[in-house]
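Notebook, one chain. I want the overall make-up, one helix in detail, and the surface patches.

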Amino acid sequence: LSDLNSRDAEVIEMIIGRDLKCGVTATTANKIWKNLIPEYPYMRCSLPKSVKLDTWNWKDGIFSQLKADGSYANLVYDLDFNVTIMTRSGTVYPLRYFAHIVADIQAHFTPGTATHGELLILRDGEILPREIGNGILNSVAKGGSSLLDDDIIQFLVWDQIPIESSVANGKCGDSYAVRYNILKEQTDKSFRKIPVIQMIETRMVYSLEEAYEHYNELVAAGFEGSIIKTQEGIWKDSTSKDQVKLKVDCCIDLAIVGFNAGKGKNEA
């Protein structure tokens, strides 16, 4: 960047940041030039205020799952038995750091699937804090590593869909209950003393009050919280109203003790 003039440097910085800062997204570009920019599918959670939770089928049970505070990963296991592990933005992890995970996938999982979950780092049997663990995983994704010899990368999973559904604007019509049970059958086959792939902590709850009880337990244990999901929900590349990230809203008063002056459009 130091060898460029300021305007060219600014363009390169926007490319690196993947944001042209003009309201144009990959989806917009791909409407004009098909598949010009790779898009990576992801089913986002809604917030409680955006969903009519009282219409959910609480009587038959709702999945309440740990939000583990790790780094999201999409693991693709193709029909040729090849494994690819990607970040949410599509960066591919070097597999040399994931030998145990790859071995378990090839031994127990169904080819032709994409499995979603969170990567965590175990050190001395304890999960590293988010800022440390995700920092290590970011380094691994970029080709470096600060992993210690005895560190274990663990993959906590919650969903699995066919590869053909794992595309931009893709959809899988199977209910979440069906997808969950199929995935659990595969993870239960691992017999490692310390599982490197396992189902995310899951509890069936029968009221919103029970859901928040589980949420409070997880927060008290130091985790980010929980996500609740209907049994009927399908998978789709969009924001789903069948899965909700629980958050507690509260009002607080804060005193402003200083500020940084804005620049450009943010200048006062």
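How many helices and strands are there in the chain? I counted six helices and 13 strands. I note that this is a predicted model.

Overall figures. I looked up the extent: the C-alpha atoms fill a box of roughly 60 × 50 × 45 Å along the principal axes. The chain has 268 residues, and 39% of them are buried.

Helix H3. I took residues 99-108 and listed which are buried: Ile101, Val102, Asp104 and Ile105. Looking down the axis of H3, I find these buried residues within an arc of 165 degrees, so they line one face of the helix. The spacing fits a general rule: an α-helix has 3.6 residues a turn, so residues three or four places apart point the same way. On the face of H3 turned away from the buried side I found the exposed residues Ala99 and Ala107.

Nonpolar patch. I looked for nonpolar side chains on the surface and found a patch of about 630 Å². Its members are Leu1, Leu4, Val11, Ile12, Ile15, Ile16 and Leu20. I checked Ile16 separately: this residue is in helix H1, residues 6-16. Ile16 has a relative accessible area of 63%, which is over the 50% cut-off, so I log Ile16 as exposed.

Negative patch. Which residues gather in a patch of negative charge on the surface? I have Asp124, Glu126, Asp149 and Asp150. I placed Asp149 in the loop between helix H4 (130-141) and strand E7 (152-162). Asp149 is exposed too, with a relative accessible area of 81%.

Key. Residues numbered from 1 in each chain as written. Predicted model: local features only at pLDDT ≥ 70, side-chain atom pairs only at ≥ 80, totals over all residues. Heavy atoms only, no water. Patch = residues over 30% accessible without salt bridge, like charges linked within 9 Å, V, L, I, M, F, W, Y side chains within 5 Å. Areas by Shrake-Rupley, 256 points an atom, 1.4 Å probe, with all protein chains shown as cover. Salt bridge = Lys/Arg side-chain N within 4 Å of Asp/Glu carboxyl O. Lys, Arg positive; Asp, Glu negative; His and termini not counted. Charge placed at Lys NZ, Arg CZ, Asp CG, Glu CD. Helix = DSSP H or I, 4+ residues; strand = E, 2+ residues; numbered from the N terminus. Buried < 20%, exposed > 50% of the residue type's maximum accessible area, 1.4 Å probe, protein only. Arc of directions from axis to C-beta.
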